[in-house]
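User: Hello! I am new to this structure and would like a close look at a single part of it. Please take me through it step by step.

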Amino acid sequence: MTYLTIQTGRHRPSVRASLPGARAQALRRLEREHVALLLAISELEAGARGAESPELRAALLPLLRHDLARTQYALQRAAAGQYGVCDRCGRAIAAGKLELNPATTRCPACSHIRRGPSAD
Ligand SMILES: [Zn+2]
């Protein structure tokens, strides 16, 4: 179960507890989205839903995997105590932006600047 625990981030309640209300809420949403993405990807990979055509699955999986990677990166930042802190300039990201996009790791000023090849 350790893998699932790490994947779902349930070992990090203290990270959330240390954040002010709106940020803790955004992080909770991020954790829920992460779990939903993991489930959706595993169901699509297994063909468990059945309704999707192979073409739709092939189109959806890369998008979901991209979202999953962004989500995991934001959760890694949270685990390091950096949730809601811009990964480029180090300034706090406004709570309103986190509410709209809990996986964001950039402030508005830095969000248009290209990331390295390994990030999104
Ligand atoms: Zn920034």
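Among the elements of the chain, which has the lowest mean pLDDT and which the highest? Please look closely at the one with the highest value and at what it touches.

Analyst: Happy to help! Please keep in mind that this is a predicted model, where local features need pLDDT of at least 70, side-chain atom pairs count only at pLDDT 80 or more, and totals for chains, interfaces and linings use all residues. Residues are numbered from 1 along each chain as its sequence is written.

To your question: helix 4 (residues 54–79) has the highest mean pLDDT, 94, and helix 1 (residues 2–8) the lowest, 46. Here pLDDT is the predictor's confidence in each residue, from 0 to 100. Residues 1–6 have a pLDDT below 50, and this stretch makes three contacts in the model beyond near neighbours in sequence. Two residues are in contact if their C-beta atoms, placed from the backbone, lie within 7 Å. Over the chain as a whole the average pLDDT is 84, with 80% of the residues scoring at least 70.

Some context for helix 4 comes next. The chain holds five helices and zero strands, where helices (H or I, at least four residues) and strands (E, at least two) are DSSP runs, numbered from the N terminus. Of its 120 residues, 18% count as buried. Buried means that 20 or more other C-beta atoms lie within 10 Å of a residue's own, exposed means 12 or fewer, and partly exposed is in between, with C-beta atoms placed from the backbone.

Now for helix 4 itself. Its 26 residues reach 36 Å from first C-alpha to last, close to the 38 Å expected at 1.5 Å a residue; the expected span is 1.5 Å times one less than the number of residues. The buried residues of helix 4 are Arg70, Thr71, Ala74, Leu75 and Ala78. After the helix comes Gly81, with a positive phi near 80 degrees.

What does helix 4 touch? Helix 3 is a partner: the two axes come within 9 Å and cross at roughly 145 degrees. Axes are lines fitted to C-alpha atoms, for helices over the stretch in contact, and angles run from 0 to 180 degrees between N-to-C directions. The crossing is left-handed, a term used when the near helix is turned anticlockwise from the far one by less than a right angle; clockwise would be right-handed. On the helix 4 side, the contact includes Leu64, Leu68, Thr71, Ala74, Leu75 and Ala78, and on the helix 3 side Leu27, Leu30, His34 and Leu37 are among those taking part. The residues of this contact divide into 14 nonpolar, two polar and four charged. In that count Ala, Val, Leu, Ile, Met, Phe, Trp, Tyr, Cys and Pro are nonpolar, Asp, Glu, Lys and Arg charged, and the others, Gly among them, polar.

Finally, meet the partner. Helix 3 covers residues 21–46, and its 26 residues should span 38 Å, which agrees with the 38 Å between its end C-alpha atoms. Its buried residues are Arg23, Ala26, Leu27, Leu30, Glu31, His34 and Leu37. Arg29, also in helix 3, is partly exposed because 15 other C-beta atoms lie within 10 Å. The C-alpha atoms of Arg29 and Leu98 are 9.8 Å apart, although 69 residues separate the two along the chain. Helix 3 is followed by Gly47, where phi is positive, near 65 degrees.
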